[in-house]
Amino acid sequence: MRLIHLLASLSLSALLAAPAWSQTDLQQRAQQLFKPIPATPPALPGNPATPERVALGKMLYFDPRLSESHAISCNSCHMIGMGGVDLQETSLGHRWQRGGRNAPTVYNAVFDVAQFWDGRAKDLEQQAGGPLVNPVEMDTTEAHAVEQLRAIPGYVQAFAKAFPGRGEAITFDNIRRTIALFEATLITPNAPFDRYLKGNAAALDANQTEGLALFVGKGCAACHGGINVGGGMYAPFGVVERPGAEILPPDDRGRFAVTKTVSDAYVFRVPSLRNVALTPPYFHSGKVWDLRQAVAVMGSSQLGAQLSDAEIDRITDFLGSLTGDQPPVTLPVLPASVTTTPRPKP
């Protein structure tokens, strides 16, 4: 993997070096490594957005009738207003089953290289259909999801408006497309760090600026770079030293389950750090609730660095500057069921 080759080519001392940049040099270096969240959502290739499609996707995102029990929606695990997560180690699904991994935030997920911790979905559209048919999550089928929506008159009208002149509009592909379009709107611009990247050096306070210098100088930005301060690559959890079994469960081999490649064992998609202060617990196992502890674990496991308490404090201060404007989403009024609409199966 390119990451492993990169890390192998860098000396540990180079990774841990923290140069004493001037404020101007630090800002310029940050502008090279990171990009601000834009004010408007990006277009999805092959999935053009219209107001009708985004509105439909929003309804579907909040509609629990897409689950077999009519009790679970996309919002159940990726809560709008709570950082796009559910603040659980692992999420509750169908018949009180627990998922195997912590639910990643839906906020800014459109900027990630792939979806899910193991990258098994290439984009939001592919991701949107996964939980619906997962027996541990929403436990429906593609056919039943279509049957359910076709039996709700309001959805028949909404899909016809969203996909005019295309014959039968309610298809599983169109369900996925519209949910993805809504999810793509869930971006969080205007964080203090975004304003800093746009040229306002005063947007970060002294502690956050010091934390940024440590974040870059210690090597954190080698994986956590780009627009999402992460989310753009895969990396082994434990480049230098693997965490304990509680944080890194030995039976979850990460991306290996997708690729069956030995070098992908315990490799995961690097998470975005956008809004990380709002999204505990941390890591795919969801076992770490304290952001300071998560910083310390990353220092030792990924960089081989025993960070001091002061360094952990400053890096944590910097991570707080990544909290952007939360998307102002109003709850949609969902179409009513009728007597012929399929009923829940608890």
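Asn275 sits in the loop between β2 and α13, and its backbone does something a little unusual for a residue other than glycine: phi is positive, near 60 degrees. In this predicted model, Asn275 is also buried, with a relative accessible area of just 1%. The loop between β2 (267-269) and α13 holds Pro281 as well. Pro281 is joined to Pro280 by a cis peptide bond, with omega at about -5 degrees.

Another asparagine has a positive phi too. For Asn190, again not a glycine, the value is about 70 degrees. This residue belongs to the loop between α9 (172-184) and α10. Its surroundings are another matter: Asn190 has a relative accessible area of 35% and so counts as partly exposed, whereas Asn275 is buried.

Turning to the interior, nonpolar side chains in soluble globular proteins tend to be buried together. Here, the largest nonpolar core takes in 40 residues. Phe34, Phe193, Tyr196, Leu212, Phe215, Phe283 and Leu319 are the ones with the most contacts inside this core. Several helices chip in, with at least two core residues coming from each of α3 (23-33), α10 (192-197), α11 (206-217), α13 (291-303) and α14 (309-320). There is also a second core, separate from that one, made up of 30 residues. Leu60, Cys74, Phe172 and Phe182 are among its members.

Tyr196 gives a good view of how the pieces of the largest core come together. Leaving aside residues up to four places away in sequence, Tyr196 touches Gln23, Leu26, Gln27, Ala30 and Gln31, and its other partners are Ala201, Ala203, Leu204 and Leu212. Leu212, like Tyr196, is one of the residues with the most contacts inside the core.

Leu212 also leads on to the meeting of α11 with α14, where it takes part on the α11 side. The two helices pack at an angle of about 105 degrees, their axes 7 Å apart. Since angles from 65 to 115 degrees count as roughly perpendicular, that is how α11 and α14 are described. From α11, the residues involved are Asn207, Gln208, Glu210, Gly211, Leu212, Leu214 and Phe215. Facing them from α14 are Glu311, Arg314, Ile315, Asp317, Phe318, Leu319 and Gly320. The contact is a mixed one, with six nonpolar residues, four polar and four charged. Phe215 and Leu319, which both appear in this contact, are also listed among the residues with the most contacts inside the largest core.

Definitions and conventions
Residues are numbered from 1 along each chain as its sequence is written. This is a predicted model: local features need pLDDT of at least 70, side-chain atom pairs count only at pLDDT 80 or more; totals for chains, interfaces and linings use all residues. Side-chain values use heavy atoms; hydrogens and water are left out. A nonpolar core is a set of buried Ala, Val, Leu, Ile, Met, Phe, Trp, Tyr and Cys residues joined through side-chain atoms within 4.5 Å. Buried means under 20% relative accessible area, exposed over 50%, partly exposed in between (1.4 Å probe, protein chains only). Helices (H or I, at least four residues) and strands (E, at least two) are DSSP runs, numbered from the N terminus. Contact means heavy atoms within 4.5 Å. Axes are lines fitted to C-alpha atoms, for helices over the stretch in contact, and angles run from 0 to 180 degrees between N-to-C directions. Angles under 35 degrees count as roughly parallel, over 145 as roughly antiparallel, 65 to 115 as roughly perpendicular and the rest as oblique. Ala, Val, Leu, Ile, Met, Phe, Trp, Tyr, Cys and Pro count as nonpolar, Asp, Glu, Lys and Arg as charged, and the others, Gly among them, as polar.
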